[in-house]
Amino acid sequence: MHLAVLLFALALSVVTFALDNGLMRTPPMGWLAWERYRCDIDCTNDPKNCISENLFIDMADRLSEDGWRELGYVYVNIDDCWSSKKRDEEGRLQPDPKRFPGGIPKLARYMHDRGLKLGIYGDMGTYTCGGYPGTTLDKIEIDAQTFADWGVDMFKFDGCYSNASEQEQGYPLMSKALNATGRPIGYSCSWPAYQGGLPPKVNYSQLGEICNLWRNYGDIEDSWDSVLNIIDWFFENQDVLSAAAGPGRWNDPDMLVIGDFGLSMDQSRAQMSLWAIMAAPLFMSNDLRTISSGARSILQNKMVISINQDPLGIQGRRILKEKSGIEVFWRPLSDNASALVFFSRRHDMPYRYQTSLKKLSYPSGSYTIFDVFTGKTTALKDSTDFVVSVNPTGVVMWYVSAPAKMNLRQFYRGGRLLGSYHDDENGIPRVFL
Ligand code: GLA
């Protein structure tokens, strides 16, 4: 090898920490069937909602026609209960022929023709969680190759019906097998969720090397209790989890249930905001055919999406828990900007929370604040106290610009510059030029 090439390769191997497929440099976004549609296979009585190719075609149509794709929601992911109960004569998985008469390649083409991607589901073990054929160790290569042959773009590998040592072999083997197909396939591992989600049982540096994202914790359900339980677990363990995340390697607190039945609008904004703070994958599990305009506008909010998709990929943290039940979350963003979320655990009335950026440890300077959900912009000095009104189980979310060290003011009369000064960090005019 030429020396320069060798050095280049060496440099690459040093800076490449995540699964080396180049995918998902920002958290993946799209739609996933499970939470809303579960294992509904009753296409005779429930044709609109059963797990069938029609459901994924319907969602693909909505994603591409209702403005979702342009915002980044490109994955259309099949979850459990898609397959036939038997493998084919060659030992390959096959879709249920009644519910997926066109086969998976046809669905993949349908997605690709519309600038979307197709995801599929399997299970490291004897059966999937829903009782369909699993991928035992001897089936890993053939299944990876089957998905690649079908044109699949993402694969979720669940962990029902296997033990810790099978998982320890199976998850890395599947990573290798997917890479060996030569097709870029985003790899979602449920492994940590089956091992309690925490070290020493879970090795997050290894996960970052073999998976693009991973479920750390239990399944989300369509209720505020469930969302809050997930929020609590992720932020209680934020030291471990934030260190594990970065471009190409994401913690996955599970699907967005915004647009379903269990969350109020305030709770929906809370889920969206905190998923953005966590740099979480954004997979909606809802009915895009009938979603309300309120839920849609939360899910399509450009500023919250851009915070979620920030290229630095740093997972944010809870920085304050007040006795009042107000909590403050923070995520550093590129260009020296940041995101703040003020969240209320209260159940009484909108709480008027008073603080300042300085009290939240911001460096001195003047900032521009964009309120993510009202669209209002304000200027704010670090030392100036402000009040945010936070609804019960709701949030206020801010995008905070980089600090402008000082505020240059210039005075003109008749087009002539009379003088200028800078504000100091307390907003007091001091430094005259
Ligand atoms: C597990 C997973 C869920 C879903 C179901 C399917 O519970 O955690 O996300 O995939 O299996 O059976």
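**Notebook: ligand shell, α7 and two buried residues**

I started with the ligand, which sits among Trp34, Asp79, Asp80, Tyr121, Cys129, Gly130, Lys156, Asp158, Arg215 and Asp219. Note to self: this is a predicted model. I sorted that shell by residue class and got 3 nonpolar, 1 polar and 6 charged.

Next I looked up polar contacts to ligand oxygens. Asp79 puts a polar side-chain atom 2.6 Å from an oxygen atom of the ligand. For Asp158, I read 2.9 Å between a polar side-chain atom and a ligand oxygen. Asp219 has a side-chain N or O atom 2.6 Å from an oxygen atom of the ligand. I also checked the cover: on its own the ligand has 310 Å² of accessible area, and the protein covers 90% of that.

**Helix α7**

I moved on to α7, residues 164-181. Does its length fit a helix, and why? I took 1.5 Å a residue, so the 18 residues should span 26 Å, and the end C-alpha atoms are indeed 26 Å apart.

At the N-terminal end I found a cap: a side-chain oxygen of Asn163 lies 3.1 Å from the backbone nitrogen of Ser165. After the helix comes Gly182, with a positive phi near 85 degrees.

Then I went through burial. The buried residues of α7 are Gln167, Gly170, Tyr171, Pro172, Met174, Ser175, Ala177, Leu178 and Thr181. What covers them? The cover includes helices α6 (140-150), α8 (191-194) and α9 (204-210), along with strands β4 (154-158) and β5 (186-189).

**Asn308**

I picked Asn308, which is in helix α14 (residues 302-308). Buried or exposed? I put Asn308 down as buried, because its relative accessibility is 0% and the cut-off for buried is under 20%.

Where does its side chain find a polar partner? A polar atom of the Asn308 side chain lies 2.8 Å from the backbone oxygen of Ala280. Ala280 also turns up in the contact list, which I made without neighbours within four places in sequence: Pro27, Trp275, Ala276, Ala279, Ala280, Leu282 and Arg331.

**Cys50**

Last, I looked at Cys50, in the loop between α2 (34-37) and α3 (53-65). Cys50 counts as buried too, because I read 1% relative accessibility for it.

Leaving out neighbours within four places in sequence, I have Cys50 in contact with Asp40, Ile41, Asp42, Cys43 and Leu55. I also took one long-range distance: Cys50 and Ile298 are 248 residues apart along the chain, and their C-alpha atoms are separated by 26 Å.

Conventions: Residues numbered from 1 in each chain as written. Predicted model: local features only at pLDDT ≥ 70, side-chain atom pairs only at ≥ 80, totals over all residues. Heavy atoms only, no water. Near = heavy atom within 4 Å. Polar contact = N/O pair within 3.5 Å; in protein donor to acceptor, adjacent residues only side chain to side chain. Areas by Shrake-Rupley, 256 points an atom, 1.4 Å probe, with all protein chains shown as cover. Nonpolar A, V, L, I, M, F, W, Y, C, P; charged D, E, K, R; others polar. Helix = DSSP H or I, 4+ residues; strand = E, 2+ residues; numbered from the N terminus. Buried < 20%, exposed > 50% of the residue type's maximum accessible area, 1.4 Å probe, protein only. Contact = heavy atoms within 4.5 Å. Expected span 1.5 Å × (residues − 1).
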